[in-house]
Amino acid sequence: MSRFGPDPQAFFDAVYRQTPPWDIGGPQPALAALLDEFPPESPVLDVGCGSGDHAITLAQRGLQVLGVDIVQEAIAQARTKVEALPPEIARRLEFTADDALRPASLGRLFGAVVDSGFFHLFDPEVGDRFVSELAAALHPGGRYYLLAFAVEFAIPNAPRAVSQDEVLARFTPARGWRVLALREALFQNRVAATPATCACLERVPPARHSW
Ligand SMILES: C[S@@+](CC[C@H](N)C(=O)[O-])C[C@H]1O[C@@H](n2cnc3c(N)ncnc32)[C@H](O)[C@@H]1O
């Protein structure tokens, strides 16, 4: 069973019948600041993209972006936003309704993966597989931008806490990762803010052996 019951698809479909609490009408400020500090490269994958605000902001900066979300309604909302954009920005955006847990199966290599509130939806063993997929989906030097809750709520259907220690344990040099940024942040929602973990993790090109 997932953190969101026996049918997580049905859970998230139901949330999008109203405006979800995380849909603040723009990008998460902590993630926007991280993206300014450590600029991403195209193409960008936005995992669990929701109604598309992070993807759209990145396209406005000139990047090519694919947003993936499991909820058809979220993708429909993102596509509606795209229709209102100038064509030169709209043509950099693609949104698809799909499972984003297997980024390597998309058959593309990405310069960056943006994750606003996706990784923290899943239990650690699912996270293990996702991080392996990330490593395969990012090209050398590609970056993973993470914003996740840092605290646990004792209520059903809530994300889990992702600590800075967990990030350090997962994204190690031995597994081909370099930590560019790791810090406390806030995850904004429509009523309050939640303490969060924010990180930028880079794929290290494999070392060259000289004989
Ligand atoms: C906390 S929301 C964040 C949405 C968006 N990134 C934002 O910051 O506004 C998590 C999103 O992940 C989506 N999601 C959940 N499980 C998913 C899966 N397996 N594949 C793709 N999207 C998923 C949900 O539908 C939801 O839109």
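This report describes the overall fold of a predicted protein model and then three of its residues or residue pairs.

Residues are numbered from 1 along each chain as its sequence is written, and side-chain values use heavy atoms, with hydrogens and water left out. Because the model is predicted, local features need pLDDT of at least 70 and side-chain atom pairs count only at pLDDT 80 or more, whereas totals for chains, interfaces and linings use all residues.

**Overall fold**

The protein chain has seven helices and seven strands; these are DSSP runs numbered from the N terminus, helices being H or I of at least four residues and strands E of at least two. Along the sequence they follow the pattern α-α-β-α-β-α-α-β-β-α-β-α-β-β. The radius of gyration of the chain is 16 Å, which agrees with the value near 17 Å for a compact globule of 211 residues; it is taken over C-alpha atoms, and the globule rule is 2.2 Å times the number of residues to the power 0.38. Along the principal axes, the C-alpha atoms fill a box of roughly 60 × 45 × 30 Å.

Contact here means heavy atoms within 4.5 Å. Among contacts between residues at least 6 apart in sequence, 71% join residues at least 24 apart. Of the 211 residues, 47% count as buried, where buried means under 20% relative accessible area, exposed over 50% and partly exposed in between (1.4 Å probe, protein chains only).

**Residues in loops**

The table places two residues by loop and relative accessible area.

| Residue | Loop | Relative accessible area |
|---|---|---|
| Q28 | between α1 (8-15) and α2 (29-37) | 1%, buried |
| N157 | between β5 (138-149) and α7 (164-170) | 35%, partly exposed |

Q28 counts as buried because its relative accessible area is 1%. Not counting residues up to four places away in sequence, Q28 touches W22, H54, S116, L147, L186, F187 and Q188. With Q188 there is also a polar contact: a polar atom of the Q28 side chain lies 2.8 Å from the backbone nitrogen of Q188. Such a contact is a pair of N or O atoms within 3.5 Å; within protein, one must be able to donate a hydrogen and the other to accept it, and residues adjacent in sequence count only if both atoms are side-chain atoms.

Two backbone features complete the description. N157 has a positive phi of about 60°, although it is not a glycine. S42 and P43 are joined by a cis peptide bond with omega of about -10°, and P43 is found in the loop between α2 and β1 (44-47).
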